[in-house]
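This briefing is intended for a reader who is meeting the structure for the first time. Please keep the sequence and the model in view while reading the points below.

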Amino acid sequence: MAYGTLERSPPPFFRQGPSALTRLVLFSALAILLMALDVRFKVTPMLRQGLSVAIYPLQRMAQAPVNWSRQLSGYLEAPAKAQAEISRLQRANVALSLQSQLEAQLRLENNRLRGLLQLQQSLPPKSVAAQISAQASDPFSRTVVIDRGRLQGVELGSPVIDETGLLGQVTRDYPWSAEVTLITDRDAVVPVQNQRTGERGVVYGEPGLGQGGMELRWMPAAADVRVGDVLVTSGVDGIYPAGLRVARVTAVTRQRDTAFARVMCAPLADVEGGRHVLVLQPLTPLVAGPSVKATEPQVQKSGKAVPKPAAAASH
């Protein structure tokens with residue numbers, strides 16, 4: 001074989017490089033050296049910070065598509081979430097508004113019941129708690145219907161009060177209900193006494209065309225009556241106990257051509273919006289006349305009692 005045809009190749013060491021064992025030993029020694037340098041001289045944190053600064057733009061570029069997709073998804077979902085949140089808040093607002101109204105009504109009734117309980121302790125033990133269930137539909141009389149009647153101890157002529165004063169008088173009694181004529185009715189008359197001076201007089205309901213007003217009549221022009229005076233029941237009629245608050249003087253008019261002063265009053269009891277009342281036993285029981293029928297009052301579909309001809313109450 002000719003010399004030129006012989007295969008010439010480098011030794012295996014130069015062709016294959018270091019062996020696997022040599023590389024393992026070399027890299028192991030390098031790792032141990034780096035760990036020693038890191039423990040001793042804190043080299044790797046500086047290297048790590050440098051590498052993080054160098055590759056930070058690449059990280060931002062790689063994360064950009066993911067961030068854009070998330071932003072786009074949030075932008076598309078935001079209107080639906082906002083609408084759902086608005087609907088939820090509107091429902092919660094309605095519920096809270098209803099709860100607030102109920103709490104206000106309960107607080108008002110609680111205060112009135114507390115006032116009635118305190119008032120009941122200072123009155124004679126013979127009294128019946130009741131509620132106003134309907135209002136008479138007759139525009140010419142001011143009467144209400146309560147849910148207690150003769151079977152519960154309500155008598156004809158019984159005074160009816162609330163936590164602030166005299167409300168009216170029972171003018172019709174039925175087995176399970178009764179009609180109460182308010183003190184502002186045009187036919188209502190209450191003997192009163194000025195709490196400040198002790199002077200007695202008579203209060204009439206609904207004078208003239210006024211609604212819900214009262215008038216202290218037959219008071220001399222020289223009588224000591226002032227705006228703000230409180231009128232209480234005098235107790236001389238045998239019906240109302242003495243000392244029940246009735247009205248407050250709102251205006252006093254004295255004219256030279258008349259011997260009597262015109263004294264206007266406002267009731268202290270809640271004659272328009274009251275609900276809880278106390279029915280007291282009259283000082284002198286009344287006897288029902290032939291015009292009073294012991295039947296239940298008819299109630300219209302609207303829930304208001306249809307009044308019958310009012311029986312005259314003794315004063």
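In this predicted model, Arg172 stands opposite Glu179, a residue of strand 5. Strand 5 is paired there with strand 4 (residues 166–173), the two running antiparallel and being joined by five bridges.

**Pairing of strand 5**
- A hairpin of four residues leads from strand 4 to strand 5.
- Strand 5 also pairs with strand 2 (residues 143–146), in the antiparallel sense and over four bridges.
- Ile146 is the residue that stands opposite Ala178 of strand 5.

**Burial of strand 5**
- Strand 5 spans residues 178–182, and five of its five residues are buried, so the strand is largely enclosed by the rest of the structure.
- On one side of strand 5, the buried residues are Ala178, Val180 and Leu182.
- On the other side, Glu179 and Thr181 are buried, and both faces of the strand are therefore covered.

**Nonpolar surface patch**
- Phe27, Leu30, Leu33, Leu34, Leu37 and Phe41 make a nonpolar patch of about 590 Å² on the surface.
- Leu30, one of these residues, is located in helix 2 (residues 20–41).
- The relative accessible area of Leu30 is 42%, so this residue is classed as partly exposed.

**The chain overall**
- The chain contains three helices and twelve strands.
- It has 315 residues, of which 31% count as buried.
- Among contacts in the chain with a separation of 6 or more, 60% are between residues 24 or more positions apart.
- The exposed area of the chain is about 20500 Å², and carbon and sulfur atoms supply 60% of it.

Note on methods: Residues numbered from 1 in each chain as written. Predicted model: local features only at pLDDT ≥ 70, side-chain atom pairs only at ≥ 80, totals over all residues. Heavy atoms only, no water. Buried < 20%, exposed > 50% of the residue type's maximum accessible area, 1.4 Å probe, protein only. Contact = heavy atoms within 4.5 Å. Areas by Shrake-Rupley, 256 points an atom, 1.4 Å probe, with all protein chains shown as cover. Patch = residues over 30% accessible without salt bridge, like charges linked within 9 Å, V, L, I, M, F, W, Y side chains within 5 Å. Salt bridge = Lys/Arg side-chain N within 4 Å of Asp/Glu carboxyl O. Pairing = 2+ DSSP bridges.
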